[in-house]
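Visitor: I have a model open on my screen and would like to understand the words people use for it. Could you walk me through them?

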Amino acid sequence: MPSQTNPPREIHEQHHAFRETCALLRDQFRGDLLCPGEPGYEEARTIWNGMVARQPAVIARCSDVGDVCTAIKAANETRILTAIRCGGHSLAGFSTCDGGLVIDLSRMREITVDSEARRARAAGGCLLGSIDTATQRAGLVFPSGVVSHTGASGLILGGGTGWLTRRFGLSCDNVETYNLVTADGSIVRANAKENADLFWALRGGGGNFGVVTEFELKLHPLKSAVLAEGLTPESNFRSLLQFWRDFMPEAPFDLKWNLDLRLAPHKQKVPSPLRGCPAVGSSLVWTGAPEDARKYFERAFSFCLPDSVRSQHVSFLHLQTMADTDFPHGRRYYTKSGYFRNLDDGTIDRLLAAVATIPSPETQIELTYLGGIAGQVAADETAFGDRSAPFITNLLANWSDAADDALHISWIRSLFQKLRPAMTPGVYVNFMSGDEQDRVPEAYQQRWDRMVAVKSHYDPGNFFRLNQNIQPRTGV
Ligand SMILES: Cc1cc2nc3c(=O)[nH]c(=O)nc-3n(C[C@H](O)[C@H](O)[C@H](O)COP(=O)(O)OP(=O)(O)OC[C@H]3O[C@@H](n4cnc5c(N)ncnc54)[C@H](O)[C@@H]3O)c2cc1C
C-alpha cells in the first residue's frame, strides 16, 4: 500500500494543529477552505488512485500565489503535515494525507500563449488538457504526457514523457522558468540565470523544493500526427519484441512506437479470436511528413493480426485524449518501473511469460523507448539525469475490487523481481509507488549529493516531504 513518509502525529496533536492552521488561514486566505462534513469536501478529498483514500483535516483550494504563500506560512507555523496537489494523479498517492493540509491548486489553471515567441505561461494547477487546448489554438504544442486529465505540475516536475518526447524532449527540457513558493513562504524564480542550482534540481526533482505556481514553457509548431495501431498475437510476440528492440535505436526522431503487453480487450475493434487473449498492442505516432510514415508502419504491421490494424491522420488533441477513458479516476492502481540499457532475449522471454499470467484485463506492461531529442541531454544537465538506458518498462496493475489488492500488488512485485537483475539502475520518479522510498537515491544516483544540497538549502525542515522524498541534511 502507498504509505505516508512521516509518522502520523498523535490524534490530539493533529486536531490542535488543524485548529491553529484553520484560524491562521481564515483571516487571509481568499480561496476555498474545505473541512470534513462541509459541502464539496468529499469530492475534493478524492484523488485519482482509488487505493489512496485519506481524510485531510483541511483542503486549501488556492485562488492565487498569495494564497499559496499564506497556506505555506500557516502550515509552517502549526507544523501540520502538508500535501501539494495539482491534478491528483500521483500514482503513489502523495497529493493527499490523513489529518493534514492539502494545498490544492485546481483553481489556478490560467494559461497564456505568446504565439509569436512560441512561449506559454501555465499556472501550477493546469491539467495537460488545459495546456494542449490553449496552445493548439496557436497551432503549437508543449511535449507532455498521454492522458489529458493528468496534472501538468506533477508530470513536469518529475520529467514528463509522452508522444512528443523523441521529437521535442522531456517536458522538463522545455521549461524555461519555474516560479515557485518555497518552504519559508518566499516567492522564487528559477531558470538558467536565476537560482541555477534550483533550476537544475527542479528538472526531474519532483515536488521536493516548493510549490510551483507558474511554468514558463517553450512551445513547438504541430497540429496533427499519423497514428497507427495494431495487435500482435502470442505466436508473433518474440519476433515483434526483438524487431522493436533492434529497430528503435535507429528510428527517426519523428517516430514514437510504444508497446503494451496485456489481455486484448473485449471491444468491437479487437478481432474476436484475440479478445481476452494475451496480445501486444503497438501504438505508433509519426510527426513527420505523412507520406513518409508508410515504410515504418508496414514493418510494424507485419507482426500484427491484419484485422486489428488501423492507421489514421489525427489532430494533436485527439492524440492527447484518446487514452483518457482507459485510466479512469477511482480504480485501484499499483506500479513499478525501471530502465533497460538493452532488452536481452531473457528479459523478452520473462515479459512474454508474464502476459499469460496477468490477473486483470486492464493491467498492462508498458514498454517505451526514449532516445531522440530527450536522449541527447547529458546526464548531469538536469536532475532527471542519465538518459542512456532508453528502454523504459512500467508495470501497471489496474483493478476495481479492494478485496483483490494483495493479488494485484504481489503480481507486480513478483514480475519486477524477475526483471530487476537485467535492469540498469535508475527509475523515473513519476512511475513509482508510495512504498519505494528506498529507491529514491537510485532515481538520482550520481546526482544525489547535489540534490540533497539543493534540498537542504531550500527546504531544510523537509516541509515538502509527501513526494519521492529527498531528505535534507540535518543541522543545516
Ligand atoms: C492516468 C495517468 C497517466 C499518466 N501518464 C503519464 C505520461 O504520459 N507521462 C509521464 O511522464 N507521466 C505520466 N503519469 C505519471 C504522472 O506524471 C504523475 O502521476 C504525476 O505526479 C501526476 O501529476 P499531478 O499533478 O496530477 O499529480 P498530483 O497528485 O497532483 O501531485 C503529485 C506530486 O507532485 C508534486 N506537485 C504537484 N503539483 C505541484 C506543484 N505545483 N508544485 C510543486 N509540487 C507539485 C507534489 O509532490 C505532489 O505530491 C501518468 C499518471 C497517470 C495517473
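Guide: Gladly. This is a predicted model, and a good place to start is its contacts: residues 24 or more positions apart account for 73% of the contacts in the chain with a separation of 6 or more.

Visitor: What makes two residues count as a contact?

Guide: Contact means that heavy atoms lie within 4.5 Å.

Visitor: Why does the radius of gyration of the chain agree with a compact globule?

Guide: With 476 residues, a compact globule would have a radius of gyration near 23 Å, and the chain has 22 Å, so the two agree. Along its principal axes, the C-alpha trace spans about 65 × 55 × 45 Å. The chain holds 14 helices and 18 strands.

Visitor: Why is Thr96 called buried?

Guide: Buried means under 20% relative accessible area. Thr96 has a relative accessible area of 0%, so Thr96 is buried. Thr96 lies in the loop between β3 (82–85) and β4 (101–104).

Visitor: Which residues does Thr96 touch, leaving out those up to four places away in sequence?

Guide: Among them are Arg45, Ile47, Val52, Arg54, Pro56 and Leu466. Across the chain, buried residues make up 59% of the 476 residues. As for the surface, the chain exposes about 18,700 Å², and carbon and sulfur atoms supply 50% of it.

Visitor: Which residues of helix α14 are buried?

Guide: In α14 (residues 448–458), these are Met451, Val452, Val454, Lys455, Ser456 and Tyr458. What covers them includes α7 (196–202) and α13 (440–444).

Visitor: What makes a space in the protein a cavity rather than a pocket?

Guide: In a cavity, a 1.4 Å probe fits but cannot get out, whereas a pocket is open. The structure holds two cavities of 30 Å³ or more. About 70 Å³ of space lies in the largest cavity, and about 50 Å³ in the second largest.

Visitor: How do the residues lining the largest cavity divide?

Guide: They divide into six nonpolar, two polar and two charged. The lining includes Asp386 and Arg447, and Asp and Arg count as charged. Gly426 and Gln445 also line this cavity; Gly counts as polar.

Visitor: And how does the lining of the second largest cavity divide?

Guide: That lining has eight nonpolar, two polar and no charged residues. Gly158 and Gly204 are part of the lining, and because Gly counts as polar, they belong to the polar group. Tyr339 lines the largest cavity, and Tyr339 also lines the second largest.

Terms used:
Residues numbered from 1 in each chain as written. Predicted model: local features only at pLDDT ≥ 70, side-chain atom pairs only at ≥ 80, totals over all residues. Heavy atoms only, no water. 1 Å grid on protein atoms, 1.4 Å probe; cavity = no way out; pocket = protein on both sides within 12 Å on 5 of 7 lines; lining within 4 Å. Points joined across faces, edges and corners; volume = space filled by probe spheres on them. Buried < 20%, exposed > 50% of the residue type's maximum accessible area, 1.4 Å probe, protein only. Helix = DSSP H or I, 4+ residues; strand = E, 2+ residues; numbered from the N terminus. Rg over C-alpha atoms; globule rule 2.2 N^0.38 Å. Areas by Shrake-Rupley, 256 points an atom, 1.4 Å probe, with all protein chains shown as cover.
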